[in-house]
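Work through the exercises below with the model open. Try each task before reading its solution.

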Amino acid sequence: MTDAVLEIRGLNVDYGLGEDAVHAIRDVDLTLHRGEVLGLAGESGSGKSTLAYGLTRLLPPPGVITGGEVLYHPDGGDPVDVLRMDHAALRRFRWAETAIVFQGAMNSLNPVHRISTQLTDVIKAHDPRGTSAARLARARELLHLVGISADRLESYPHQLSGGMRQRVMIGMALALEPKVVIMDEPTTALDVVVQRQILRQLVELRERLGFSVVFITHDLSLLVEFSDRIAIMYGGRIVEEAASADLYRDPLHPYSHGLLNSFPALRGPKRELTGIPGSPPDLRGMPSGCAFHPRCPHAMERCGVEVPVLGVPPDKSTTAHVAVDQRSPADRTVACWLHPVHDDGF
Ligand SMILES: Nc1ncnc2c1ncn2[C@@H]1O[C@H](COP(=O)(O)OP(=O)(O)OP(=O)(O)O)[C@@H](O)[C@H]1O
């Protein structure tokens, strides 16, 4: 697709080496389109954070990328594979092109420095030529962007609420006008009302500033509300991907269905909360076939034998082309034997 900003192709990530390795990410294909909010959901341990760390090459050891590519499409430039960038290019990519807000980020502000210092340090690290007055003006502007009044610039982190600290982190992430913002459970530690305020503001900023967002959470109801598209992960694989409204209205994978029924929705028709029986798979002893089959109410014999291919079911395609790099954001994909797909060779 020409409007892709990030294309993950065949990504595989292991923890550990050799026989002891566990496969945390398996053959993940995922496209982030320009200007969209892509939500990534799945229970704890499904591989969401590993995917985020992997695609930015920030995997802590013993994490190893064992295959695949992550193509970044700069504005007007040729795509570059993040996994093959040299150190200098990677450093620039990480802040200037992509910014990341990780779990518990609000606790990573330095307690002994004022907010102004922490914001201007980020700006200075990437543009040492600017004046300190210009940097301070930019810091003020960033706080304003995330809804904090400029008189908080001289505060220390402990003088701000959790929600404000998280907003500061988001402001810091936006400091260099990145094209892609990755957020891993950025608001989980906050109460529901503050979470929603922050996310609403982020979506509004995305429209104004034109960046794309990968938003990771286990709370699917949040994603339904704030994302354009949603990818569902299970046991290190993407098992379904669809526009939020389609996924909410008509989840195809029984796991997506179970996840949707595990969280109360704020809007729309009420669903009965049933949850999903059983627990997520242990990566050291993954079930054969579809990893979800032991918990699946619709499991058939085939499900315990063959891994279903992720693809566009024939009745859900908007185009004749369903190959991975020709899909439209409106296409939906699923990996489930209830919805067999034509193997398109990708
Ligand atoms: N350092 C590590 N060594 C071995 N296995 C790991 C390591 N870090 C993560 N894993 C395993 O990789 C799998 C994916 O973990 P990951 O943190 O990416 O999942 P997640 O979906 O982000 O979960 P959460 O929502 O709890 O953060 C898990 O099964 C986890 O046990």
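## Exercise 1: Strand β6 and its partner

The strand β6 has T98 and I100 pointing to one side and A99 and V101 to the other, and all of them are buried. The model is a predicted one.

**Task.** Find the strand that is joined to β6 by four bridges, and give its direction relative to β6.

**Solution.**
- Step 1. The partner is β7, and the two strands run parallel.
- Step 2. To fix the register, take I100: I182 in β7 stands opposite I100.

## Exercise 2: The seven-stranded sheet

**Task.** Write out the strand order of the open sheet of seven strands. Then say which strands stand at its edges.

**Solution.**
- Step 1. The order is β6-β7-β8-β3-β9-β10-β11, and the pairing is mixed.
- Step 2. The edges are β6 and β11 (333-334). Each has a single partner strand, so one side of each is left without a neighbour in the sheet.
- Step 3. Helix α5 packs on this sheet and touches β6 and β7. The direction of α5 makes about 165° with that of β6.
- Step 4. Now move along the order to β3. Strand β8 (residues 212-216) runs parallel to β3, with four bridges between them. The bridge partner of G39 in β8 is F215.
- Step 5. β3 (residues 37-41) also runs parallel to β9, again through four bridges. Here G39 stands opposite I230 in β9.

## Exercise 3: Strand β9

**Task.** How many residues of strand β9 (residues 229-234) are buried? Sort them by the way they point.

**Solution.**
- Step 1. Six of the six residues are buried, and β9 is mostly covered.
- Step 2. R229, A231 and M233 point one way. I230, I232 and Y234 point the other way.
- Step 3. β9 pairs with strand β10 (residues 237-243) in the antiparallel sense, over six bridges. I230 has A242 opposite it in β10.
- Step 4. β9 and β10 form a hairpin, with two residues between the strands. G235 in the turn has a positive phi of about 55°.

## Exercise 4: Helix α5

**Task.** Compare the span of helix α5 (residues 162-173) with the expected one. Then explain why α5 counts as largely enclosed.

**Solution.**
- Step 1. The helix has twelve residues. From its first C-alpha to its last, α5 reaches 17 Å, close to the 16 Å expected at 1.5 Å a residue.
- Step 2. Eleven of the twelve residues are buried, so α5 is largely enclosed by the rest of the structure.
- Step 3. Among the buried residues are G163, R165, R167, I170 and A173.
- Step 4. Next, look for the cover. The elements over the buried residues of α5 include β6 (98-101), α3 (115-126), α4 (132-145), β7 (180-184) and α6 (192-209).

## Exercise 5: The four-stranded sheet and R9

**Task.** Give the strand order of the open sheet of four strands. Then decide whether R9 is buried, exposed or partly exposed.

**Solution.**
- Step 1. The order is β2-β1-β4-β5, with antiparallel pairing.
- Step 2. β2 and β5 (80-81) are the edge strands, and each pairs on one side only.
- Step 3. β1 pairs with strand β4 (residues 63-72) in the antiparallel sense, over eight bridges. The bridge partner of E7 in β4 is L71.
- Step 4. R9 is found in strand β1 (residues 4-15). R9 has 18 C-beta neighbours inside 10 Å, so R9 counts as partly exposed. The cut-off for buried is 20 or more.
- Step 5. Beyond its neighbours within four places in sequence, R9 is in contact with D29, G68, E69 and L71.
- Step 6. R9 and D27 are 18 residues apart in sequence, and their C-alpha atoms are 7.5 Å apart in space.
- Step 7. Helix α1 lies across β1, β2 and β4, and runs at about 70° to β2.

## Exercise 6: The ligand shell

**Task.** How many residues surround the ligand, and which are the closest? Which element gives the most to the shell?

**Solution.**
- Step 1. The ligand is surrounded by 14 residues, and the closest are Y15, S44, K48, S49 and T50.
- Step 2. β2 (22-33) and α1 (48-55) are the elements that give two or more residues to the shell.
- Step 3. α1 gives the most, with three residues.
- Step 4. By class, the shell has five nonpolar, eight polar and one charged residues.

Conventions:
Residues are numbered from 1 along each chain as its sequence is written. This is a predicted model: local features need pLDDT of at least 70, side-chain atom pairs count only at pLDDT 80 or more; totals for chains, interfaces and linings use all residues. A residue is near a molecule or strand if its C-beta atom, placed from the backbone, lies within 6 Å of it. Ala, Val, Leu, Ile, Met, Phe, Trp, Tyr, Cys and Pro count as nonpolar, Asp, Glu, Lys and Arg as charged, and the others, Gly among them, as polar. Two residues are in contact if their C-beta atoms, placed from the backbone, lie within 7 Å. The expected span of a helix is 1.5 Å times one less than its number of residues. Two strands pair if DSSP finds at least two bridges between them. Axes are lines fitted to C-alpha atoms, for helices over the stretch in contact, and angles run from 0 to 180 degrees between N-to-C directions.
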